[in-house]
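Biologist: Can you walk me through this model? I'd like to go from the outside in.

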Amino acid sequence: MLYHLTLDDPQRGVLVVTAVTVLGALVSALVTGRWSDRVGRREVFVAVVGGLLVRRVRPVG
């Protein structure tokens with residue numbers, strides 16, 4: 001992601017990417033947290049997130 005930034009200051013680029021990542025994680029945690037509370041099946045959400053993390057760490061193909 002940083003390879004496509006065209007900022008003059010690389011440290012500012014890292015700050016922007018970090019801020020976007022943190023905001024994305026916060027929003028997704030709030031949304032999926034409320035969703036799992038409504039559905040009442042937190043285990044499903046935890047399993048999906050676990051699968052996504054494994055996929056991210058060890059890409060297939």
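Biologist: How much area does the protein chain expose, and what share do carbon and sulfur atoms supply?
Modeller: About 5,900 Å² is exposed. Carbon and sulfur atoms supply 66% of that. Keep in mind that this is a predicted model.

Biologist: What percentage of the residues is buried?
Modeller: Buried residues make up 7% of the 61 in the protein chain.

Biologist: OK, secondary structure. How many helices and strands?
Modeller: There are 2 helices and 0 strands. H1 covers residues 10-39, and H2 covers residues 42-57.

Biologist: How far does H1 reach from end to end?
Modeller: Its 30 residues reach 43 Å from the first C-alpha to the last. That is close to the 44 Å expected at 1.5 Å a residue.

Biologist: And H2, how far does that helix reach?
Modeller: H2 has 16 residues and reaches 23 Å, first C-alpha to last. The expected value is 22 Å, so to speak a close match.

Biologist: What comes just after H1?
Modeller: Gly-40 does, and its phi is positive, about 80 degrees.

Biologist: Back to burial. Which residues are buried in H1?
Modeller: Gly-13, Val-17 and Ser-36. The buried residues of H1 pack against H2.

Biologist: How many buried residues does H2 have?
Modeller: The count is 1 among its 16 residues, so H2 is hardly covered. Phe-45 is in helix H2 and is buried, with a relative accessible area of 19%.

Biologist: Why does 19% count as buried for Phe-45?
Modeller: Because the cut-off for buried is under 20%, and Phe-45 has 19%.

Biologist: Let's look at Ser-36. What is its relative accessible area?
Modeller: It is 5%, so Ser-36 is buried.

Biologist: What is Ser-36 in contact with, leaving aside neighbours within four places in sequence?
Modeller: Arg-41, Arg-42 and Phe-45.

Biologist: Arg-42 again. Which residue does Arg-42 form a salt bridge with?
Modeller: With Asp-37. The closest N and O atoms are 2.4 Å apart. The salt bridge count comes to 1.

Biologist: Is Arg-42 buried, exposed or partly exposed?
Modeller: Arg-42 counts as partly exposed, at 48% relative accessibility.

Biologist: New topic: rings. How many aromatic pairs does a search of the whole structure find?
Modeller: The search finds 1 aromatic pair. Trp-35 and Phe-45 have ring centres 5.1 Å apart. Their planes are at 70 degrees, so the pair is edge-to-face.

Biologist: Which helices do the two rings lie in?
Modeller: Trp-35 lies in H1 and Phe-45 in H2, so the pair ties together parts that are 10 residues apart in sequence.

Biologist: Is Trp-35 buried or exposed?
Modeller: Trp-35 counts as exposed, at 51% relative accessibility. Its partner Phe-45 is buried.

Biologist: Last one, the surface. Which residues make the nonpolar patch?
Modeller: Leu-23, Leu-26 and Leu-30 make a patch of about 300 Å². Leu-26 is in helix H1. Leu-26 is partly exposed, with a relative accessible area of 47%.

Methods
Residues are numbered from 1 along each chain as its sequence is written. This is a predicted model: local features need pLDDT of at least 70, side-chain atom pairs count only at pLDDT 80 or more; totals for chains, interfaces and linings use all residues. Side-chain values use heavy atoms; hydrogens and water are left out. Helices (H or I, at least four residues) and strands (E, at least two) are DSSP runs, numbered from the N terminus. Buried means under 20% relative accessible area, exposed over 50%, partly exposed in between (1.4 Å probe, protein chains only). Accessible areas come from the Shrake-Rupley method with a 1.4 Å probe; for residues, only the protein chains shown count as cover. Contact means heavy atoms within 4.5 Å. Patches are made of residues with over 30% relative accessible area and no salt bridge: like charges are joined within 9 Å, nonpolar side chains (Val, Leu, Ile, Met, Phe, Trp, Tyr) within 5 Å. A salt bridge is a side-chain nitrogen of Lys or Arg within 4 Å of a carboxyl oxygen of Asp or Glu. Rings of Phe, Tyr and Trp (its six-membered ring) pair if their centres lie within 6.5 Å; planes under 30 degrees apart count as stacked, over 60 as edge-to-face and the rest as tilted.
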